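This report is a short introduction to one protein chain. Please look at the sequence and the structure first, then read on.

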Amino acid sequence: MFKNILIKIKNKYRDLKISTKILTFYSAILILSVLLSAYIYQRIYNHTLSEKVSEVSVQTLHSISSNIFSMLDNAKNLSKVILASDEIQQSLRKVNDHEISHDESQRIINTHISRFIEAFPFISSIYIFDANDQRYGIDRLPLKALKIDSITEASWYESAVAAQGGFILKLNAGDIYEDLEGEKYISLIRIINDIYTQKTLGTLILNISDSAFSDSYKDILDEYGTDIMILDEEGRTVVDFRDIQVDDIGRLMVFSENGESFVENINGKDYLVSSLKMSRYDWSIISMIPFDELSKESYIFNVAALSIIILNAFLMFLGAIGISRLISTPITKLLNSMKGVEKGEFKKVDIEAGNDEIGSLRDAYNIMITEIQNLIDKIVKEQKIKRKAELDILQAQIKPHFLYNTFDAISSLALSGKNEQVYQLMKFLGSYYRISLSKGSEVITIKEEI
């Protein structure tokens, strides 16, 4: 079936005019070339764009990581200032030794740490617990109540003690508070030791809101509509995506190795996913960039490339028409001249051509026409000579018979004694030959003959 269709198409193509054949052939090649060029360009461009944006995405993650490190370093330095503060150290010593009341130490400590809340907007709250589990704190929101009876019962307490004055990071303080629904923050926790005796005086919990993390890299995300998720060392979400709902975060972590990127379709939309492991705190950052945002950036380049392809296609189409006419026009003139030969018109064809095949064909055709004309002239001339020879022979045959018959008639008239008629007949015969001789031609008209 398919073979028969191909044969029919091939036969129809053979029956087309040369100009149509050339135009059809070039048009098919042109369309194929444009489609192939556009496909190759798009693949190469998308690949190059993905690589470039992947590099930018990873660099963005490093910038975000650097901003987070900077903010956490500020929080760490702030915690050091609080730990080393004389007001905090003396108040905790005295309240632990029952030298001052809890209300007095509350006033001193809260007054002191309130200054840090005002000076550092990224700090949402500061809590201090003394050795007697008395709480001191300043919070931008209502003060949080503990779920546990003693701070030493917190799951992270032993780790904080093992840090030997260093700090640990926990999401929502390890869930020791009765938090508001949906509230998220990062808690920097460290044990407060006496700077002189290294005796444990209490515990410091410095909370950083998740919005502070987002604000620290907000300007970085606006360029490509990037969305960010930050996971802690246990894989729990510290900062969630703003506009994207992802069901399987673990799959993204598996497929996006550290510093690598890949394309993922989420909710019917393609995203460029990148991830980075924050080595200092064992956190992970995942970024997702909508591919249509990348397309917007490349719109002007795609338009320029498409315009160039269309322009080249148009020029190739004009070239195909020009070549078609360059070949078909002289052939058409030659064909029309050949049709004139069928009607008996032997005219040379006037075609503007060089020394190419068409020029050679024109010269050969004109030579053929010249030879045919010469041959016809020669045949006509030979036919005239032939007709004249035949006439001469006929005349040569007629003259003796004519004279013989005339003399027979004269002799018959003479024997009959018709001298007058013999005289007239001889006179007319002499006049006949006299007319022929006087004209100098062997051919005379019928009128003269009569």
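Which residues does asparagine 96 touch, not counting residues up to four places away in sequence? The answer is Asp130, Ala131, Asn132 and Leu201. The model behind this answer is predicted.

## The chain as a whole

The chain has 450 residues, and 34% of them count as buried. Its secondary structure amounts to 13 helices and ten strands.

About 28000 Å² of the chain is exposed, with carbon and sulfur atoms supplying 57% of that area. Taking contacts between residues at least 6 apart in sequence, 55% join residues at least 24 apart.

## Asparagine 96

Asparagine 96 belongs to helix H3, which covers residues 86-96. Its relative accessibility is 15%. The cut-off for buried is under 20%, so asparagine 96 counts as buried.

Two of the residues it touches, Ala131 and Leu201, also appear in contacts made by its side chain. The asparagine 96 side chain reaches the backbone nitrogen of alanine 131 at 3.3 Å. The same side chain reaches the backbone oxygen of leucine 201 at 3.1 Å.

## The five-stranded sheet

In what order do the five strands of the open sheet stand? The order is S2-S1-S5-S4-S3, and the pairing is antiparallel. Strand S2 (135-139) and strand S3 (167-171) are at the edges and have a single partner strand each, so one side of each has no neighbour in the sheet. On average, neighbouring strands of this sheet are turned by 15 degrees against each other, direction ignored.

Strands of a sheet pair through backbone hydrogen bonds, either parallel or antiparallel. Here, strand S4 (residues 185-193) and strand S5 (residues 200-209) are paired in the antiparallel sense over nine bridges. Asparagine 193 has threonine 200 in S5 as its bridge partner.

## Helices across the sheet

Helix H3 lies across four strands: S1 (123-130), S2, S4 and S5. With respect to S1, H3 runs at about 35 degrees.

Helix H4, made of residues 102-119, lies across S1 and S2. The angle between H4 and S2 is about 30 degrees.

## Salt bridges

Side chains of opposite charge can pair when their charged atoms come close. How many salt bridges are counted in this model? The count is three.

One of them joins arginine 93 and aspartate 194, whose closest N and O atoms are 2.7 Å apart. This pair links distant parts of the chain, since arginine 93 is in helix H3 and aspartate 194 is in the loop between S4 and S5, 101 residues apart. Arginine 93 counts as partly exposed because its relative accessibility is 21%, whereas aspartate 194 is buried, with a relative accessible area of 5%.

Another salt bridge is formed by glutamate 104 and arginine 107, with 2.6 Å between the closest N and O atoms. Both residues lie in helix H4, three residues apart, or about one turn of the helix. Glutamate 104 has a relative accessible area of 31%, so it is partly exposed. Lysine 144 forms a salt bridge with aspartate 139, and here the closest N and O atoms are 2.7 Å apart. Are these two residues, lysine 144 and aspartate 139, buried or exposed? Both are buried.

How values were computed
Residues are numbered from 1 along each chain as its sequence is written. This is a predicted model: local features need pLDDT of at least 70, side-chain atom pairs count only at pLDDT 80 or more; totals for chains, interfaces and linings use all residues. Side-chain values use heavy atoms; hydrogens and water are left out. Helices (H or I, at least four residues) and strands (E, at least two) are DSSP runs, numbered from the N terminus. Buried means under 20% relative accessible area, exposed over 50%, partly exposed in between (1.4 Å probe, protein chains only). A polar contact is a pair of N or O atoms within 3.5 Å; within protein, one must be able to donate a hydrogen and the other to accept it, and residues adjacent in sequence count only if both atoms are side-chain atoms. Contact means heavy atoms within 4.5 Å. Two strands pair if DSSP finds at least two bridges between them. Axes are lines fitted to C-alpha atoms, for helices over the stretch in contact, and angles run from 0 to 180 degrees between N-to-C directions. Accessible areas come from the Shrake-Rupley method with a 1.4 Å probe; for residues, only the protein chains shown count as cover. A salt bridge is a side-chain nitrogen of Lys or Arg within 4 Å of a carboxyl oxygen of Asp or Glu.
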